[in-house]
Amino acid sequence: MKTFPMFLTMTGRRVVILGGGEQATQKCRLMLKTEAAIEVFAPVLDVELQALADQGRITHRTGSISADALRGAALVFVGTGCPGTDAALHAIATEAGVLVNVVDQPDLCDAITPAIVDRDPVVVAIGTEGTAPVLARQIKTALERMLDPRLGDLAALAGRLRDFAAARLGPRQRRDLWRWVFAGPLRAQHARDGDAPVARAIKDIIRTDEVPAAAPAPVALVGAGPGSSDLITLRGVQRLQEADIIFYDKLVDPGVLELARRDAERVYVGKAPGCHSWPQDKINDVLVAAAKRGQRVVRLKCGDPGVFARGAEEAEALRDAGIAYEIVPGVTAASGAAAAVGGFLTERGKSDTLVLTTGRCADGNGVPDWVTHLTQRSHVAVYMGVAAATQIEACLARAGLLDQVELTAVNNAQRADQKVLRCSARNMVAELAEARIESPAILFLSRKDVTEAPVMLASPQLVALSA
Ligand code: SAH
């Protein structure tokens, strides 16, 4: 970070604005949101500034500007509209040793004004160190939509009732109270009805000492999607932001973990290079233990938690321990892979059956019987199939289908290092090796006689690769 965000105390402090035109007016509007004493130095004032001076909301000063006049100010804004004058005033402000912001000249700024989402006293400041103001505005727009216009009033109300709550409730009850106020139905009621009914409800709870005990949140089995972090659902992001602890797998994109709260505990329960994976029993145990400690738990899995993810075993362990769980679906790898190469998993009039199968089964379960499902109207998506490619090819050979079946393999779908191979099933093992298709990959198998364009011909990228 070249700049560090801080909230400066402004009440009663001097803010000096040098300039009386449009730039100065803009900074003045911003400062009027604060409780600072604003002084504007300019020979003449813009009409808006003049009106503010007439109302006594700012002080208008004329005459020459010296370092002495600026000393002690909390902030000095320079915005005369003339770059030469601005540079000279910047030098004077520097001599006075005050924090200075020169409009539109980041190189001359000690302090940069952020994009602000204002729900006073809740204030969000967004900065990009001048690299991407458009991005800052987009983030601001998203936050403006997310935060109810009355949210600041609710925070202010909580602030007024803090001492009352502190005098009557213990720390844990207070946490439960405020969690309940901000996350529960009271927040929605406040957005609808404003302060009065909500203030009454909070005071009643504090007086009667009956804080609704926070119901333990269900453990969330969350799908992270197949690759890039923007393929997780909004509900998934919400659960990540609420989580105290997150247990995640190998294939979860690091960008997804970035979406969690900074201080949430992150526990890797996947396979480390050269080591064994965590046994499933141990994962089940740590999920149950964390939930019993009262932590909000997210179990984050790549793709969808219901597809080849052993989610059912974890759910059963939670159920047996009397712990509630919820499943937050995700984009499964087959969807991600098809989309990544511009293809469709089903197509009206051509393919009406999609089979999701795996190259690896539980010990003793044999091989899934996908060959019988490989008809002229189906596509078969094989998960964990690269290591089983030899068996898949042999299986197709036994069924006499080697020349009728086309393979589309998508490795690292939806990631920067995505690779795609399209070839005949005959020699697929050799072709996969040659194209260096490794795990994780989805192997789509489709009958050539379904259509000349099995799953994926739509993608120019794929056509180029297979040409
Ligand atoms: N729950 C996951 C599947 C986990 S099993 C889901 O719904 O997608 C692990 C297998 O998923 C991998 O071996 C691979 O076949 C597939 N997979 C996961 N991420 C993938 C990706 N980005 N590209 C291709 N295949 C992927």
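When I call a residue buried in this talk, I mean that its relative accessible area is under 20%. With that in hand, and keeping in mind that what we have in front of us is a predicted model, I would like to begin with one strand, then move to the ligand, and finish with a single leucine.

The strand is β14, residues 378-383, and what I would ask you to look at is where its side chains go. S378, V380 and V382 point one way from β14, while H379, A381 and Y383 point the other way, and all of these residues are buried. The pattern is one we know, since in a regular strand the side chains alternate between the two faces of the sheet. Because 6 of the 6 residues of β14 are buried, the strand is largely enclosed by the rest of the structure.

Which strands, then, pair with β14? On one hand there is β13, residues 353-358, which runs parallel to β14 and is joined to it by 6 bridges; within that pairing, T353 stands opposite S378. On the other hand there is β17, residues 441-447, which runs antiparallel to β14 and is joined to it by 4 bridges, and here the bridge partner of V382 is L443.

Let me turn to the ligand. It is surrounded by 20 residues, of which the closest are P226, V307, T332, A333 and A441. Sorted by class, this shell has 14 nonpolar, 4 polar and 2 charged residues. Where does the ligand lie with respect to the domains? Both domain 3, spanning 221-331, and domain 4, spanning 335-464, give residues to the shell, so the ligand lies between them.

As for polar contacts made by the backbone, a nitrogen atom of the ligand lies 2.9 Å from a backbone N or O atom of C302, and an oxygen atom of the ligand is 2.8 Å from a polar backbone atom of D304. V307, already mentioned as one of the closest residues, has a backbone N or O atom 2.7 Å from a nitrogen atom of the ligand. Taken alone, the ligand exposes 540 Å², and the protein buries 95% of that.

Finally, a word on L421, which is found in strand β16, residues 419-424. Is this leucine buried or exposed? Its relative accessibility is 10%, and because that value is under the 20% cut-off, L421 counts as buried. Measuring from C-alpha to C-alpha in the model, L421 and G336 are 16 Å apart in space, with their positions 85 residues apart in sequence numbering.

Notes: Residues numbered from 1 in each chain as written. Predicted model: local features only at pLDDT ≥ 70, side-chain atom pairs only at ≥ 80, totals over all residues. Heavy atoms only, no water. Buried < 20%, exposed > 50% of the residue type's maximum accessible area, 1.4 Å probe, protein only. Helix = DSSP H or I, 4+ residues; strand = E, 2+ residues; numbered from the N terminus. Pairing = 2+ DSSP bridges. Near = heavy atom within 4 Å. Polar contact = N/O pair within 3.5 Å; in protein donor to acceptor, adjacent residues only side chain to side chain. Areas by Shrake-Rupley, 256 points an atom, 1.4 Å probe, with all protein chains shown as cover. Nonpolar A, V, L, I, M, F, W, Y, C, P; charged D, E, K, R; others polar. Domains from an automatic or database assignment.
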